[in-house]
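Me: I am new to protein models and would like a close look at a single part. Could you take me through one strand and its neighbours?

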Amino acid sequence: MTDPASETAAPGNPDTWVVIPLYNEATVIGGVVRDLLPSFGKVVCVDDGSTDGSGGVAAEAGARIVTHPINLGQGAALQTGFEYALERGARYVVTFDADGQHRVVDAVAMLDRSRTDDLAIVFGSRFLDDRTKPGFLKKVVLKTAVAVTNWTTRTRLTDAHNGLRVIREDALRRIHLRQDRMAHGTEIVVQLGRTGLPYAEQPVEVIYSEYSKAKGQSLLNSVNILIDLIIR
Amino acid sequence: MSIFQLLLILGVVLIAALAVRFLPGERSLALKRIFAILFVLAAVLAILFPNVLTAIAHAFGIGRGTDLLLYVFIVAVMAFAVATIRAKARSDARVTKLARAVALMDARNREQNERRDREDGRDS
């Protein structure tokens, strides 16, 4: 434990790695990386066996690349990114989605809050204010996932499957994501609950572009999430 | 003994011999082999004396020996499926670890090479 008051955010946040799980997002990843770089100097994209050259686009935009030789799933990509960042002495990790649905200002605010309030984890939540406008069905799906997560983990969250999170190094070392597929959002919460480290939720805006809407979690996928959670 | 019974017995013995030869695992291998031999004995007896099977079925309140066989078969298939799924999940977890180690090693090598190239560029 270090004294949080002595930690001031240097420009470019050199103690922080942004981890982006990347799978076939070649059309948008370049812009996402370029938007991040002014605020976060260290960005790593975990290319999860993309077949559309996403890794090359991200590297050109200025990100570090780790390439899974085969597709393993988003949870596995996050875990790889965590281990990459820890190897390079990261103090904080920001998880960020590759499809451009998060805002960099939200990530900066969450990191600042983690520093000033001495929080081991800051979750982004799209349901703490009314900026984000998900469709009705999507809202039902996400709320169900949150209810099951809270129920199985005894945490109090409003949005468990938000890809924007800030995780401090001490919490990071205790996370070992085993579910390769989508339920890692819950698995992070489960493992965090066990550490007993301080966490908070921060309101963020999720931008539902036509692009991310077309790619987003379908209803069938949420069935998978629920079953993965129940059968462990 | 009918020709069909003979063929069945030959088939069971052949398959069991192959299974005993190629069973995976080390610790529980002997147990698995004993189990396979017991299975062959039971199968041969059931083929030669189908009435015994029917008698056992009656004892369980089932009409015919073939019905008993069917029920046991269904349970065995489900047990096999579960065992296979679990084995695949374990194998998937190993593959994930291996692929992650490869990915991280690859990144380390690449960054080391880039650093060396930069330093060479400065020297010359």
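Which residue in β6(A) does Val93(A) stand opposite?

Reply: Happy to help! A word on the model comes before the strand. This is a predicted model, in which local features need pLDDT of at least 70, side-chain atom pairs count only at pLDDT 80 or more, and totals for chains, interfaces and linings use all residues. Residues are numbered from 1 along each chain as its sequence is written, while chains are lettered from A and ligands numbered from 1 in the order in which they are written.

Now to your question: Val93(A) stands opposite Ile167(A) in β6(A). Helices (H or I, at least four residues) and strands (E, at least two) are DSSP runs, numbered from the N terminus. Strand β6 of chain A covers residues 165-168. Strand β4 (residues 92-95) of chain A runs antiparallel to β6(A), and four bridges join them. Two strands pair if DSSP finds at least two bridges between them.

Strand β5 (residues 121-125) of chain A is also antiparallel to β6(A), with three bridges joining the two. Here Ile167(A) appears again, as the bridge partner of Ile121(A).

Next, look at where the side chains go. In a regular strand they alternate between the two faces of the sheet. In β6(A), Arg165(A) and Ile167(A) point one way, and Val166(A) and Arg168(A) the other way. All four are buried (20 or more other C-beta atoms lie within 10 Å of a buried residue's own, the C-beta atoms being placed from the backbone).

Finally, for the complex that this strand belongs to, the predictor gives an ipTM of 0.78 and a pTM of 0.79.

Notes: A residue is buried if 20 or more other C-beta atoms lie within 10 Å of its own, exposed if 12 or fewer, and partly exposed in between; C-beta atoms are placed from the backbone.
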